[in-house]
Amino acid sequence: MEKPKDEGPTEVMDNEISTQPHGMEDVEIQEWLESLDSVLESSGPEVAAEILERLRAHATVNGIDLPFSANTPYANTIPVRLQPLFPGDQELERRIKSLIRWNALAMVVRANRVEHNIGGHISTYASAATLYEVGFNHFFRARSEEFEGDTVYFQGHASPGMYARAYLEGRLSAQKLENFRRELKPGGGLSSYPHPWLMPDFWEFPTVSMGLSPLMAIYQARFNRYLEDRGMKPVTDAKVWAFLGDGETDEPESLGAITLASREKLDNLIFVVNCNLQRLDGPVRGNGQIIQELESAFRGARWNVIKVLWGSEWDPIFERDTEGLLVKRMGELVDGEYQKLVVSSGAYVREHFFGSDPRLLQLVEPMSDESLRRLRLGGHDPRKVYAAYKAAVDHKGSPTVILARTIKGYGLGEAGEGKNVTHQQKKLNEDELREFRSRFGIPLNDEDCIEVPFYRPAEDSVEIQYLRARREALGGYVPKRSIRSKPLVADHDELFKEFLEGSDGREVSTTMAFVGMLRKMLKDAEIGKLIVPIVPDEARTFGMESLFRTAGIYSSVGQKYEPVDVNTLLYYKEAKDGQILEEGITEAGSMASCIAAGTAYATHGINTIPFFIYYSMFGFQRIADFIWAAADMRTRGFLLGGTSGRTTLSGEGLQHQDGNSHVLALPVPNLKAYDPAFAYEISIIIQDGIRRMYKDGENVFYYITVMNEPYAMPAMPGNVKDGILRGMYRFRAASNTKAKLRAQLFGSGAILNEALRAQEILETKYGVAADVWSVTSYKELYNDGNETERWNRLHPGEKVRVPYVSKCLADAPGVLVAASDYLKTLPNMISKWMPRRLASLGTDGFGRSEGRTSLRDFFEVDSRFITVAALHELFVDGKIERSVLDKAIKDLGINTDKPNPATS
Ligand SMILES: Cc1ncc(C[n+]2csc(CCOP(=O)(O)OP(=O)(O)O)c2C)c(N)n1
Ligand SMILES: [Mg+2]
């Protein structure tokens, strides 16, 4: 395989072993190697490593400039002599794997025959089958009452393989497989990818949005340690396995938290990267070597890296190669060349790979072309994969990543093996099907096989018996999702009582009120221990530093230093049993912790309740996909959007002022989103949330925005609990109900106070009697309105149902004005269920670095603008003269020529 002559510095990682150093005799180098061999033999690898380390130091001291390389040669990490015996029946496992391969392929091919373009992936699983099957037969332990089990993140596109295995296991019917990607068919089907929402008894972790699962797996492994260190679960050797694609590692989230994993010494974590060198469009690194690139990234991050590159057939060739020529040659090729080489004929391999050096050619001289073609890659060799997994589970002190070389579309032959189009391959012609059948020995004749039937051997066949026995030995089936936690009593009236009573005129922000609740909850007998406060380096912003001392910040090593503020009351206390997860500046990582804590009711049978508080603008805007995954996973808990509101967060400006998140929260179906104004509203929402999620087991979670504007918290005005939860209630009615001019004002969050001020202005200056409503959740109102409308549409003969908004406003007279610190679309989306036209004020546009008063003027959401909006509506209705409106605009000092904040 020729390299271009004019190439610059090669892209290939620095992994080559020079066999002909300048001026050094072969014999001399041979002597060095032999003495190392003898040390290895007599004293073992630790001593050999120590000598090499000392040599390196000695060389450096003596001025030898050794280039840094985090790479090892392009060879298997585990030498043959350290390879354990394969404990299973390899031939039987191969047959089982072949059947799974067939059924996985059949699912996709059949689905696309029935419904053109329904999609599905054959080649991902085809390349990863051995990686999974070794895991299923020998490693993945199921969850049970006695043992928490291993946690496995399956690569999303490999799901046909998981379904096909579950079919052989007797867990999924042929009917289900038939309806792969057609979930709405009678009897149900199978979802394209792992979705706990859609298959809650099967899948645990959604993985198909690439890059999320590696990060979630890291934080899952860390959360498992957190539970152990806090004494909430026994210390076990359970592992977290994450299967990724090599292309997937380009997602920044994939490698974004790998240093956390090594820093925390997460030897309960194993990544398996399926290095088929291809992604969707083509090679991952055509001009480089993705494996070497990943090796250096992971080794640099102090992970234990195990490369599984070459299958057993290569072992004797390596043995014959005493000069290290083969490894050198392997390090020379770029992935684009490898992609071609591994699916080429033996003659091609001989000429283009071994042909680069006559000595290499000599190494394979005794081998036929056919045996050269059959040289397997490491990731397709169960013995090599088993050795890697065994080393990974036995490894102590750091996480392990296994970089396994495979061929994408393995076994598809002309239909796509190693081809750039293989990711999308969903259809095979008759010849290709027959060939696949023959290659994997599926007992179907030429005619039957082109129908691509699912094939399951009889229940008493050796294959099924073996497969079942292996799973039995490992505790049951995987993947399997079940809920093992017991419902909480969740009787917390006493705990939340004080927050219903108001602050007695004291000015506090809703954030402070929330932190007060958190403090109390942490002391509660039932939920105190279960609370998991999570914060991405923002605790002081939210006034949570008092919790540092009382709850402690979790650190797996305790606190090895005396904190600089040790003499202060609220010093920075880290502790091994600390409760707070202070994640540093990573909203993604914090969300992953929140997911781990919020799904522990299923994963561990522990009802941990996450409270993840963050800068609201850096929530949905930044990590919406994680929130989507959390929703899919039926995560429970609370997201607290702190310092929220476009005009309530003063000074910070365009990047920080959040007027978006409540709009971005709309699409998440099981997320309840609230924008409360007062402490009692928050306490009602949280108390009810804990009950719904942890007592009643509802699959919802919460987004609550809290603000940093201080004001007196009123006591709860009567029993408005239902209204708070349903999205709106009348907070303060007009005092003069006989007035001719009437208005209804809707406010949320801190803007509710502006509505209350407008109520006063309207009444005292313009004789307009207005009611003020607290709208705690536009989303709840929107969902209720839609649901009611839908029900009416589908049940035309029955008693018409009325949306909650309409019910609230049935007897509410006058014009309607809403003001929100978020986009105007929030009030607008419920206006159709209001009795009359709605004027909406909101904060569409970029924020500004300014104080609250100026911001509310700029965005036209303050009491003056609310007043003018109400007067304008009255004017349009012919209820007041134009002169009243003109005068009001003037008196209130409103600049009518100011720029539109939505576009400026
Ligand atoms: C965030 C995200 N972006 C894009 C995709 C679409 N996509 C699905 S599979 C794939 C290629 C996967 O390549 P690789 O990770 O190497 O997996 P392989 O199938 O080769 O094992 C792409 C781009 C996705 N699922 N998620
Ligand atoms: Mg790939």
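Biologist: Which backbone oxygen lies 3.0 Å from a polar atom of the side chain of R143?
Modeller: Happy to start there, with the reminder that this is a predicted model. R143 sits in the loop between α4 (123-138) and β1 (151-153), and its side chain also makes a polar contact of 2.8 Å with the side chain of E204. The backbone oxygen you ask about belongs to E148.

Biologist: Is R143 buried or exposed?
Modeller: Its surroundings include E148, G149, D150, T151, E204, F205, R484 and T603, leaving out residues up to four places away in sequence. Buried means under 20% relative accessible area. R143 has a relative accessible area of 16%, so the answer is buried.

Biologist: Which residues have the most contacts inside the largest nonpolar core?
Modeller: That core has 182 residues. Its largest share, ten residues, comes from helix α7 (residues 212-229). The residues with the most contacts inside the core are I218, F271, M521, I686 and L745.

Biologist: What is F271 in contact with, leaving aside its neighbours within four places in sequence?
Modeller: F271 is one of the residues with the most contacts inside the largest core, and contact here means heavy atoms within 4.5 Å. Its partners are P214, A217, I218, A242, L244, S254, I258, F298, W303, T400, V401 and I402.

Biologist: How many residues are in the second, separate core?
Modeller: Among its members are L92, L131, A142 and L168. L168 lies in helix α5 (residues 159-168), and its relative accessible area is 1%, so L168 is buried. The second core has 73 residues.

Biologist: How far apart in space are L168 and F454, C-alpha to C-alpha?
Modeller: Along the sequence they are 286 residues apart. L168 is in contact with residues including Y455, R456 and P457. From C-alpha to C-alpha, L168 and F454 are separated by 9.9 Å.

Biologist: Which residues coordinate the magnesium ion (ligand 2)?
Modeller: Along the chain, the donors follow the spacing D-x29-N-x1-Q. Their distances to the ion are 2.0 to 2.1 Å, and both N276 and Q278 are buried. The coordinating residues are D246 (OD), N276 (OD1) and Q278 (O).

Biologist: What share of the accessible area of ligand 1 does the protein cover?
Modeller: There are 18 residues around ligand 1, and T124, D246, G247, Q278 and K408 come nearest. Backbone N or O atoms approach oxygen atoms of the ligand at 2.8 Å for G247 and at 2.9 Å for E248, while a side-chain N or O atom of N276 lies 2.9 Å from a ligand oxygen. Of the 600 Å² of accessible area that ligand 1 has on its own, the protein covers 76%.

Biologist: Why is helix α12 (residues 325-332) largely enclosed by the rest of the structure?
Modeller: The buried residues of α12 are L325, L326, V327, R329, M330, G331 and E332. They pack against α11 (315-320), α13 (335-341), α14 (346-352) and α15 (358-363). The helix is largely enclosed because its buried residues number seven of eight.

Biologist: Which backbone oxygen does the side chain of S503 reach at 2.6 Å?
Modeller: S503 is in the loop between α21 (493-497) and β6 (507-508). Its relative accessibility is 10%, so S503 counts as buried. Leaving aside neighbours within four places in sequence, it is in contact with V508, A712 and M713. The backbone oxygen reached by its side chain is that of R506.

Biologist: Is D504 buried or exposed?
Modeller: D504 is in the loop between α21 and β6, with a positive phi of about 60 degrees although it is not a glycine. Exposed means over 50% relative accessible area. At 79%, D504 is therefore exposed.

Biologist: And is T643 buried or exposed?
Modeller: T643 has a positive phi of about 45 degrees although it is not a glycine. Its place is in the loop between β12 (638-642) and α27 (661-664). With a relative accessible area of 2%, T643 is buried.

Biologist: Which residues does the cis peptide bond with an omega of about -5 degrees join?
Modeller: One partner, P479, is in the loop between α20 (462-473) and α21. The cis peptide bond joins V478 and P479.

Key:
Residues numbered from 1 in each chain as written. Chains lettered and ligands numbered in written order. Predicted model: local features only at pLDDT ≥ 70, side-chain atom pairs only at ≥ 80, totals over all residues. Heavy atoms only, no water. Core = buried A, V, L, I, M, F, W, Y, C linked by side-chain atoms within 4.5 Å. Buried < 20%, exposed > 50% of the residue type's maximum accessible area, 1.4 Å probe, protein only. Helix = DSSP H or I, 4+ residues; strand = E, 2+ residues; numbered from the N terminus. Donors = N, O, S within 2.8 Å, 3.2 Å for Na, K, Ca; no water. Near = heavy atom within 4 Å. Polar contact = N/O pair within 3.5 Å; in protein donor to acceptor, adjacent residues only side chain to side chain. Areas by Shrake-Rupley, 256 points an atom, 1.4 Å probe, with all protein chains shown as cover.
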